[in-house]
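Here's a quick briefing to read alongside the model. Keep the 3D view open and click on each residue as it comes up.

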Amino acid sequence: MVLVYVGVIKTSVFQSATHHFALAALRLGKRLSVVVLPRILVFLLAAAVLPAASSRFCKAYRSPHFEIFYQSGSTANARVTLDWLEQLRSFFAAQIGFDPKLDERVRVIVFRSPKDYSAYQLSSAADAYFAGTGDQTYVVTSEIREKHLDVLAHEYAHLVLHSANIKLPPWLNEGLAEVFSTLWFHPLGTDLGGPIEAHVRSLRTDQWMTVEQLLSIPQDRFENDRALAVRFYAHAWALTEMLLFSPQYAAGFREFTAALASGTPEAKAFVDIYRKDFRSLDTDLHARSEHDAYSLLHLPPPPLPAVSIATEDLSATDSRVLLAGLLVAAGQYARAAAEYRELAALQPGNASFAAALGNIALHQHDLETARREWKRALDDGIADPVLCYQYAILADQMNLSAEEVRSALHRAVLLNPAFYDARWRLAILEEDAGNFQESAAQLKAMNVISPSRAFAYWSTLSYVEEEVEEHEAAAKAANTAERFAATPDERSRARELAYIAQTEVRMRLSIDANGHREMVATRVPRGTVDWNPFVQPADKMRRVRGMLSDVICANGRLTGIVIRGSTDVTPLAVSDPQLVLILNGPSQFACGAQANAPAVVADYAFAPHAETVGIARAIRFE
C-alpha cells in the first residue's frame with residue numbers, strides 16, 4: 001500500500017512541514033528541467049532489429065546496488081550517475097522507509113543516441129522505461145547527462161512502487177514518479193518539489209484537462225500518443241503535487257492512497273476523504289496553477305556511505321547477452337530466443353544460454369521446450385539455484401518422476417542453503433514419500449518462516465515429528481501452528497495434531513447399537529499405565545478395595561463377585577468373565593465362598609441394581 005511508504009513521508013516529514021512550505025515559483029538554486037515523456041511499466045517492445053556490432057556496449061560500471069552500461073560514455077559520467085543513484089536509493093530507504101531488496105543490481109542501460117535506443121523503445125512516446133524479470137531489473141534510456149538525472153529518479157520511483165506491489169491508477173502512479181523526479185541533492189540537503197517547467201508550460205498553453213478526464217485515461221491510451229502524453233503527465237503531476245503538498249489536501253493523502261489501493265473508486269475517495277467533487281478539484285487545481293503555488297520541501301541529505309566504482313570491459317558476446325536479457329525482461333520473447341540460439345551456436349555447452357531459452361519457452365507456455373532446455377542447462381553444470389527450483393516445479397507439473405524433482409531441489413538447496421522455497425517443496429515431497437526424517441530435517445533447516453506459510457509449516461512439522469516419534473516436539477509445533485491459525489478449520493487441525501502428539505493408540509471394547517462387540521482403536525494420554533480395554537466411554541467408574549469373599553456362579557458360569565471391606569460389602573455383577581481385566585490373579589475361580597479370601601482392588605462401572613452396585617471391569621490381586 002502506498003500509505004506504508006509514501007504515507008510515511010506524508011505524516012512524518014511532509015505533514016509537519018505543510019504550513020511552512022515556501023510557495024515558490026522558482027526552484028532554489030539550479031532547477032533541472034524535466035523531459036516530460038511517459039515512462040511505463042509494460043513489458044512490450046516495438047519490433048526492431050538488433051544493433052550492429054559497432055554499436056555494442058563496451059564497458060560496465062558497478063556500484064553496490066547499480067550497474068551502468070554505456071555504448072559510449074566516460075568514467076566521470078558513470079561516477080556522477082552512480083553516485084546519484086546510490087543517493088536516490090538512500091533517500092527512499094531513509095525518508096520513505098522502503099529499500100527494494102533485489103537479488104541483483106539494477107541495470108541501467110544507456111544507449112548512445114535516440115536512434116540506437118529506438119531499436120529497444122517500448123513505444124513511440126516512451127523516452128525511458130523500467131522493465132524487470134523475477135531476478136533482474138532494468139532502467140533503459142539514451143544519452144544520460146547530469147541534466148537528465150531526473151529521468152532516473154522517475155524510473156526508480158516506478159521500481160520502488162513495483163517492488164512493493166503497490167497498485168495505483170495510472171495518473172497517480174505517473175504523478176508520484178514525476179514528483180520524485182524533482183529530487184535534487186546538494187551539499188546543504190535534499191530538495192523535493194517545486195515547479196517542473198515543461199509541465200507548467202503545458203498547463204498554461206495546452207488545452208486544460210479536467211480531473212474527471214484525467215482519471216478516465218487508461219495506460220495504453222497515452223503510450224503511443226505523444227501529444228496526449230505531454231498533457232497527461234502535466235496534469236497528473238499537478239494533481240498529485242496538490243494532493244501531496246497543498247495544506248488543505250496533504251493531511252488526507254495517506255488515507256486517500258490507502259483507499260485507492262483497497263479498491264475504492266477515485267470519485268468516492270475524493271468525496272469521503274476531502275469532501276471534494278471533481279468540480280471543486282478543478283477549481284483548486286486551476287488556482288494553484290495560475291498562482292504557480294508549487295511547494296518546495298527541504299529535507300536533510302540522505303545518508304550515503306562512500307561509493308566504490310568497479311569497471312569491467314565487455315566483450316562483443318557480453319554485449320549481446322546484455323541486450324538479449326533486456327529483450328526477455330521487456331517481453332520480446334521471439335527476438336530474445338533468436339539471439340540466445342545464435343549465442344548458443346557460438347558457445348556450445350554454455351549452460352546460461354540453455355537456461356535463458358528455457359525461461360523464454362516457459363513465458364511462451366511451451367512447457368516441453370522449457371523442460372528440455374532447463375535439463376540441458378542442468379546437465380551442462382549451471383550453478384543457478386533458482387533455475388534448479390524452477391525446473392523442479394516444472395518437472396512436477398509434467399508428472400516426471402519424484403526422483404527427478406528431488407534431485408533438482410537438492411541441488412537448489414546445496415547451491416543456496418537459505419533457499420527456503422526450495423527446502424519447503426523438498427520437505428513436502430519427502431513427507432508425501434513417507435521419508436519423515438528427511439522431511440523434518442529440511443523443515444528444521446528453514447530459519448526464516450514467512451507469515452503466509454507459518455501455519456502450514458508448523459502443522460507439517462508437527463505431523464512429521466509425530467511420525468518419527470518425537471512426540472514432545474510434535475506437540476510444541478502443533479501449539480505454535482494454532483497461534484498462526486487463521487480459520488476455525490486451521491485451529492481445529494492444530495488442536496487435532498496436538499491431541500495426537502499427546503496421546504497414543506490403545507484398543508478397547510466397543511458395543512454397537514445392535515449389541516455386537518468389537519475391539520476398536522482409541523487414543524489415551526501418552527504413558528497411561530492402567531489402561532483397561534473393557535471400560536466403556538459411558539461408564540461411571542469407581543474403585544473398591546477389600547477381600548474377595550465370594551464368587552457367584554449360575555449354571556457353572558461366573559456371574560458376580562463380592563468384595564468385603566472392614567465395614568461394608570460390595571456385590572458386583574460380571575456380565576462376561578472374558579470382559580473383566582484380571583491382573584496377578586488365577587486363570588480360574590472356584591465358585592462360592594473363598595476360603596483364603598485374597599486381597600483385591602476392583603474397578604467397576606457404577607450401575608446399582610437390587611443385588612449389585614455395578615459391573616466389574618477389572619480385578620487386581622494384591
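Is Cys553 buried, exposed or partly exposed? Cys553 turns out to be partly exposed, with a relative accessible area of 28%. Before going further, remember that this is a predicted model. Its chain averages a pLDDT of 85, and 89% of the residues score at least 70.

**How sure is the model?**

- Take care with residues 1–54, because pLDDT is the predictor's confidence in each residue, and over this stretch pLDDT stays under 50.
- For residues 1–54 the model still has 173 contacts beyond four places in sequence.

**The disulfide and other cysteines**

- Searching the whole structure turns up one disulfide.
- Cys553 and Cys591 are the two partners, with their sulfur atoms 1.8 Å apart.
- The torsion about the S-S bond of Cys553 and Cys591 is about -85 degrees, so this disulfide is left-handed.
- Cys553 sits in strand β13 (residues 541–554), while Cys591 sits in the loop between β16 (581–583) and β17 (592–593), so the pair ties together parts that are 38 residues apart in sequence.
- Like its partner, Cys591 is partly exposed, and its relative accessible area is 47%.
- Two other cysteines to click on: Cys58 counts as partly exposed at 34% relative accessibility, whereas Cys388 is buried at 0%.

**Salt bridges**

- Side chains of opposite charge can pair when their charged atoms come close.
- You can find 28 salt bridges in this structure.
- One of them links Asp83 to Arg79, with the closest N and O atoms 3.7 Å apart.
- Asp83 and Arg79 are four residues apart in helix α2 (residues 75–96), so about one helical turn separates them.
- Asp83 is partly exposed at 23% relative accessibility, and Arg79 is partly exposed too, at 37%.
- Another salt bridge joins Lys276 and Asp284, whose closest N and O atoms are 3.0 Å apart, and both of these residues are buried.
- Arg495 and Glu482 also meet in a salt bridge, at 2.6 Å from N to O.
- Arg495 belongs to helix α24 (residues 488–502) and Glu482 to helix α23 (residues 471–483), so this pair ties together parts that are 13 residues apart in sequence.
- Glu482 is partly exposed, its relative accessible area being 25%.
- Salt bridges can share partners as well: Arg62, Glu67, Arg107 and Glu312 are joined into one network that way.

**Aromatic rings**

- A pair of aromatic rings is described by the distance of the centres and the angle of the planes.
- The structure has 26 aromatic pairs.
- Phe232 and Tyr233 make an edge-to-face pair, at 5.7 Å centre to centre and with 75 degrees between the planes.
- Both Phe232 and Tyr233 are buried.
- For Phe436 and Tyr463, the ring centres are 5.9 Å apart and the planes are at 80 degrees, so this pair is edge-to-face.
- Phe436 lies in helix α21 (residues 436–444) and Tyr463 in helix α22 (residues 454–467), so the two rings tie together parts that are 27 residues apart in sequence.
- Phe436 counts as buried at 18% relative accessibility, while Tyr463 is partly exposed at 29%.
- Try picking out one aromatic cluster, formed by Phe66, Trp84, Phe91, Phe92, Tyr156, Phe180, Trp184 and Phe185.

**Arginines over rings**

- Arg335 lies over the face of Tyr120, 5.0 Å from the ring centre.
- Arg542 does the equivalent with Phe606, lying over its face at 3.6 Å from the ring centre.

**Two helices to look at**

- In helix α11 (residues 253–261), the buried residues include Phe253, Phe256, Thr257, Ala258, Ala259 and Leu260.
- After α11 comes Gly263, which has a positive phi near 105 degrees.
- Helix α24 contains Ala501, which counts as buried at 3% relative accessibility.
- What does Ala501 contact, leaving aside its neighbours within four places in sequence? Its contacts are Glu466, His471, Ala474, Ala475 and Arg526.
- Ala501 and Tyr463 are 38 residues apart along the chain, with 8.6 Å between their C-alpha atoms.

Definitions and conventions. Residues numbered from 1 in each chain as written. Heavy atoms only, no water. Salt bridge = Lys/Arg side-chain N within 4 Å of Asp/Glu carboxyl O. Buried < 20%, exposed > 50% of the residue type's maximum accessible area, 1.4 Å probe, protein only. pLDDT = per-residue confidence, 0-100. Contact = heavy atoms within 4.5 Å. Phe/Tyr/Trp six-rings, centres within 6.5 Å; stacked < 30°, edge-to-face > 60°. Lys NZ or Arg CZ within 6 Å of the ring centre and 35° of its normal. Disulfide = S-S within 2.5 Å.
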